[in-house]
Amino acid sequence: MKEPKKAVIEVAPWIGSLPAKSPAAIGVRDWWASAQRVYPANTLRAWRSDWQVYDVFCAGRGATTVPATPASVAAFVDACGQAGKKPATIRRYLTTIALAHRVAKFANPCAEEPVRHALKGLTNEVSVAQRQAKGVGWEQIKKFIETAGEGLPATRERALLCVAYDTMARRAELVALDCGDLRFLEDGSGRALIRRSKTDQAGEGHTAYLASATVRYLKAWLEMAQITKGAVFRRLIGTGFPPKQKPRAGRERKLTSIPERIGARLSPAAVGNIFKSVAKFIKMAPENIRAISGHSIRVGATQDLLALNIDLASVMQAGRWKTNRMPMRYGEHVLAARGGMARAAKEQGRDG
């Protein structure tokens with residue numbers, strides 16, 4: 001008889017740097033156990049990934065990861081810069097390092113002048129501009145809807161694109177949707193409950209609007225895929241049912257019904273791949289296809305709203321942003337065309 005597998009207990013990535021029975025280690029263990037219930041899995045995974053980079057650097061220098069000296073963290077910043085890391089990535093590393101020190105009740109070395117100077121020197125030498133995902137707006141989504149034809153993949157993609165657009169959901173929020181999170185109203189519109197988001201770690205939830213067209217495509221997908229509970233968006237198994245060709249003699253057809261083609265919940269990574277496939281289908285330019293990511297519809301929806309003169313507060317509410325930094329960055333080209341100089345050029349006759 002096989003023995004049951006022991007449960008794997010998640011521990012903070014920086015716990016190994018602390019004496020096992022020290023007050024700091026005890027505090028970190030308690031905090032991490034609580035963090036498992038509060039923070040999404042992607043955030044915990046990002047902390048582990050960031051810490052691994054920092055830990056490898058410190059091991060190579062024989063330096064202590066936590067508590068760290070400002071000089072060692074400044075050296076880490078310099079090393080990251082020499083390795084070609086973007087300033088935004090390095091700032092994320094520093095945020096994780098600062099978190100580890102705060103949780104362990106140590107002074108934050110990232111707030112000291114050596115680290116601030118190292119980061120300032122790096123950003124003076126390297127452009128801080130980040131590559132933005134190519135926006136996929138309603139114009140592109142409509143083109144796919146009108147030309148994709150029928151079938152299981154096309155039906156799923158229509159629903160996925162429209163829900164992503166209406167909710168402006170991040171990819172993890174999109175794939176987390178369950179049937180119980182949807183409400184279809186008598187006027188034909190709908191509502192989707194985003195139970196947890198990047199800016200809602202406590203899980204208070206946010207109700208997003210679904211247009212009547214989105215509801216129709218969503219209902220078509222759920223009906224065709226015979227999904228009545230659980231995950232709304234799921235991966236597809238095989239290449240199609242019924243098959244385009246008869247199976248060869250002596251080989252049985254493995255997929256005999258549509259339900260057999262419906263797999264588990266889509267992964268966040270799969271969303272970006274689907275968006276790229278859609279971009280290829282509607283024949284977007286190759287350089288634009290390369291810039292497509294899981295954020296592309298969120299970017300495109302933001303740009304569409306701003307182009308329609310929707311006020312920034314409403315855009316922030318729809319996208320669940322707490323500050324205007326990201327919507328302003330997503331819509332910088334749209335806003336530039338509506339700015340003071342653009343209006344002046346039109347009035348002065350310089351834009352013919």
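**Notebook: salt bridges, a small set of strands, and backbone exceptions**

I began with D178, which is partly exposed at a relative accessible area of 25%. I note at the outset that the model is predicted.

**Entry 1. The partner of D178**

I looked up which side chain meets D178 in a salt bridge. The partner is R265, with N to O at 2.8 Å. D178 lies in the loop between α8 (171-175) and β1, whereas R265 belongs to strand β5 (residues 262-265), so the pair ties together parts that are 87 residues apart in sequence. I checked R265 for exposure as well and found it partly exposed, with a relative accessible area of 38%. Since the range between 20% and 50% counts as partly exposed, I entered D178 at 25% and R265 at 38% under that heading.

**Entry 2. Other salt bridges**

I recorded how many salt bridges the structure holds: the count is 7. As a general reminder, side chains of opposite charge can pair when their charged atoms come close.

I then examined R170, which forms a salt bridge with E173; the closest N and O atoms are 2.8 Å apart. Are these two residues buried or exposed? R170 is buried, with a relative accessible area of 9%, and E173 is buried too, at 5%. I also noted that R170, E173 and R320 are linked in a network of salt bridges.

Next I took E157, whose salt bridge is with R156; here the closest N and O atoms are 2.7 Å apart. For E157 I found a relative accessible area of 11%, which places this residue among the buried ones. R156 is likewise buried, at 7%.

**Entry 3. R158, a buried arginine without a salt bridge**

I turned to R158 in helix α7 (residues 152-167). R158 is buried and yet has no salt bridge. I asked how far away the nearest side chain of opposite charge is. That side chain is E150, at 4.6 Å. A salt bridge requires the nitrogen and the carboxyl oxygen to be within 4 Å, and the 4.6 Å to E150 does not satisfy this.

What does the side chain of R158 reach instead? I found the backbone oxygen of G149 at 2.5 Å. Leaving aside neighbours within four places in sequence, I listed the contacts of R158 as F144, I145, A148, G149 and Y217.

**Entry 4. The three-strand sheet**

I traced an open sheet of 3 strands in the order β1-β2-β3, with antiparallel pairing. β1 (182-184) and β3 (206-210) stand at the edges; each has a single partner strand, so one side of each is left without a neighbour in the sheet. From one strand to the next the twist averages 20°.

I then counted through the pairings. β1 and strand β2 (residues 190-194) run antiparallel and are joined by 3 bridges; F184 stands opposite G190 in β2. I followed with α7, the helix that packs on the sheet: α7 touches β2 and β3, and its direction makes about 125° with that of β3. β2 and β3 pair over 5 bridges, also in the antiparallel sense. In this pairing I noted R191 opposite Y209 in β3.

Which residues of β3 point to the buried face? H206, A208 and L210 point to one face and are buried, while T207 and Y209 point to the other and are not. In a regular strand the side chains alternate between the two faces of the sheet.

I also looked for helix α9 (residues 212-225), which lies across β1, β2 and β3 and runs at about 115° to β1.

**Entry 5. Backbone exceptions**

Most residues other than glycine have a negative phi, and most peptide bonds are trans. I therefore listed the following exceptions against that background.

- I found a cis peptide bond between V66 and P67, with omega about 0°; P67 is in the loop between α2 (41-61) and α3 (70-82).
- M168 is not a glycine but has a positive phi of about 50°. I placed M168 in the loop between α7 and α8, and found this residue buried, with a relative accessible area of 2%.
- N309, also a residue other than glycine, has a positive phi near 65°. I located N309 in the loop between α12 (296-307) and α13 (312-319); at 56% relative accessibility N309 counts as exposed.

How values were computed
Residues numbered from 1 in each chain as written. Predicted model: local features only at pLDDT ≥ 70, side-chain atom pairs only at ≥ 80, totals over all residues. Heavy atoms only, no water. Helix = DSSP H or I, 4+ residues; strand = E, 2+ residues; numbered from the N terminus. Buried < 20%, exposed > 50% of the residue type's maximum accessible area, 1.4 Å probe, protein only. Lys, Arg positive; Asp, Glu negative; His and termini not counted. Polar contact = N/O pair within 3.5 Å; in protein donor to acceptor, adjacent residues only side chain to side chain. Contact = heavy atoms within 4.5 Å. Pairing = 2+ DSSP bridges. Axes fitted to C-alpha atoms, helices over the stretch in contact; angles between N-to-C directions.
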